[in-house]
Amino acid sequence: MTKVIKNGTVVTADLTYKADVLIDGGKIIEIGPDLSGDEVLDATDCFVMPGGIDPHTHLEMPFMGTYSADDFATGTRAALAGGTTMVVDFCLPSPGDSLLDALKVWDNKSGRAACDYSYHMAITWWGEQVFDDMKTITEEHGINTFKHFMAYKGALMVNDDELYASFKRCAELGATPLVHAENGDVVAELTAKLLAEGNTGPEAHAYSRPPQVEGEATNRAIMIADMAGAPLYVVHTSCEESHEAIRRAKMQGKRVWGEPLVQHLVLDESEYFNEDWDHAARRVMSPPFRNKQHQDSLWAGLASGTLSCVATDHCAFTTDQKRYGVGDFSKIPNGTGGLEDRLPVLWTYGVETGRITMNEFVAVTSTNIAKILNCYPKKGAILVGADADIVVMDPNAKKTISASTQASAIDYNVFEGVEVSATPRYVLTRGYVAVDNGELKAKEGHGEFVARDPNGTVNTALSKWKDLTAPRPVERTGIPATGV
Ligand code: URP
Ligand code: ZN
Ligand code: ZN
Ligand code: ZN
């Protein structure tokens, strides 16, 4: 049975044009005028775009003594409700555990996904087993990205020697390292000092993680990656200091990408000073929300291309879970939601305001990350042969965001009350209509794992350049006899 999306305007990362899109077998088979199919999806007055890819989610993740509340079933339902058709989750071995065992745990959870998914593998410790497992993970399990936490001291954090060793291994394998860039040693010191001084509320979370800890760690990770010969993807870039380091690196020809979150683009630090403890704690995440100058920097990065992808870091905890930290902010589980809201909120605050174009919107929500992760044009494209992962965005279908109507399993929404100007009319995941005229029909278990090969174009180019410029002994014509 074929499906045809008719009368819409196709918007890709580089083109905007009127065309119908014909789908069969889960793939786009034709794009052009006046197409017909067995089932017609009417896209009059709508934009037909590649489905969103959220490169940063934590579904059912064990973290800070609990598990994030959205699992692969509810999390991917939320994704589809908001036009996101692929998520990349972090597979997280406990320090000391094998990467392959962690992968089995994630495979057991992800069977319930309603949209396609892939994994980044976290490097939470270092040793010969990790070194060996990285090769197996890359060559046999379709994962070409490895995440490193420079924060969460005593838990997930890795040190500089471990970063360097792992980044070098990534370079050898044609994989790309990712970093959570915050100086975990300084955060630990600031946290202890704040608590000792009686700063126990959620606002102290923000004080414990100033922009400097992020800027310093981002710059350090960039320099270590450069010395190791690896590209680098910096997750949740939240401030000018970090953006500045990324910008400078890019201008020097280093292969570095930055990923602001939609939460950081729109919500600011004043949330932490709300008198309602729950309100503030629900917004505790790392890095914390920043002020308007930092937000302006992030928007400028998206417009100029020095920042590449907008993610959510969806790591949702219920109010009850957040209350583990009453009396001690450092025990508030870190994380916020946003999967369902990323596209409508970015459209409203980005495209509607003229901060970014529609094509830049597609680039930063889908196409850029598909290229970085080496799954383009299977994902991130409206092209013949691409997966029919499509969002038909209606720019006139307003909605007020509310926890009472969301698909996410938690009891609040950090964007509560925000009126978005655009919402999806249709969302297709490999041809299956998961949002049908605004109605959510996500099918648990429909999602498939997206395997991603190593040695993408950037990895290949960088390793060639690093080989060419590597230290070499000088061929000398005469060597003096050793002195006596
Ligand atoms: O606060 C956050 N971001 N929680 C999720 C884990 C992480 O650091 O990405
Ligand atoms: Zn068919
Ligand atoms: Zn993080
Ligand atoms: Zn994260």
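**Exercise 1. Helix H8**

Task: In this predicted model, find which residues of H8 are buried and what covers them.

Solution. Step 1: the buried residues of H8 are Glu240, Glu241, Ser242, His243, Ala245, Ile246, Arg247 and Ala249. Step 2: their cover includes two helices, H7 (211-228) and H11 (292-304), along with strands E15 (232-234) and E16 (256-258). Step 3: check the span of the helix. H8 has 12 residues (240-251), and at 1.5 Å a residue it should span 16 Å; the C-alpha atoms at its ends are 16 Å apart, so the two values agree. Step 4: look just past the helix, where Gly253 has a positive phi of about 90°.

**Exercise 2. Helix H1**

Task: Work out how many residues of helix H1 are buried and which elements they pack against.

Solution. Step 1: H1 covers residues 72-81, and 10 of its 10 residues are buried, so the helix is largely enclosed by the rest of the structure. Step 2: among the buried residues are Phe72, Thr74, Arg77 and Leu80. Step 3: the packing partners are helix H2 (99-110) and the strands E8 (52-57), E11 (84-91), E20 (423-429), E21 (432-436) and E22 (439-440). Step 4: after H1 comes Gly83, with a positive phi near 95°.

**Exercise 3. Two lysines**

Task: Decide whether Lys147 is buried or exposed, then do the same for Lys398.

Solution. Step 1: Lys147 lies in strand E13 (residues 145-149). Step 2: it has 22 other C-beta atoms within 10 Å; a residue with 20 or more counts as buried, so Lys147 is buried. Step 3: leaving aside neighbours within four places in sequence, Lys147 is in contact with Phe90, His120, Met121, Ala122, Ile123 and Leu178. Step 4: an unreviewed UniProt entry annotates Lys147 as "modified residue: N6-carboxylysine".

Step 5: Lys398 sits in the loop between strands E17 (390-394) and E18 (399-400). Step 6: Lys398 has 13 other C-beta atoms within 10 Å; exposed requires 12 or fewer and buried 20 or more, so Lys398 is partly exposed. Step 7: not counting residues up to four places away in sequence, Lys398 touches Glu419, Val420 and Ser421. Step 8: Ser421 is 23 residues from Lys398 in sequence, yet their C-alpha atoms are 4.4 Å apart.

**Exercise 4. Ligand 1**

Task: List the residues around ligand 1 and sort them by character.

Solution. Step 1: ligand 1 is surrounded by His58, His180, Met285, Ser286, Asp313, Cys315, Asn334 and Gly335. Step 2: this shell divides into 5 polar, 2 nonpolar and 1 charged residue.

Note on methods. Residues numbered from 1 in each chain as written. Chains lettered and ligands numbered in written order. Predicted model: local features only at pLDDT ≥ 70, side-chain atom pairs only at ≥ 80, totals over all residues. Helix = DSSP H or I, 4+ residues; strand = E, 2+ residues; numbered from the N terminus. Expected span 1.5 Å × (residues − 1). Contact = placed C-beta atoms within 7 Å. Near = placed C-beta within 6 Å. Nonpolar A, V, L, I, M, F, W, Y, C, P; charged D, E, K, R; others polar. UniProt positions renumbered as here; feature names shortened; annotations may be inferred.
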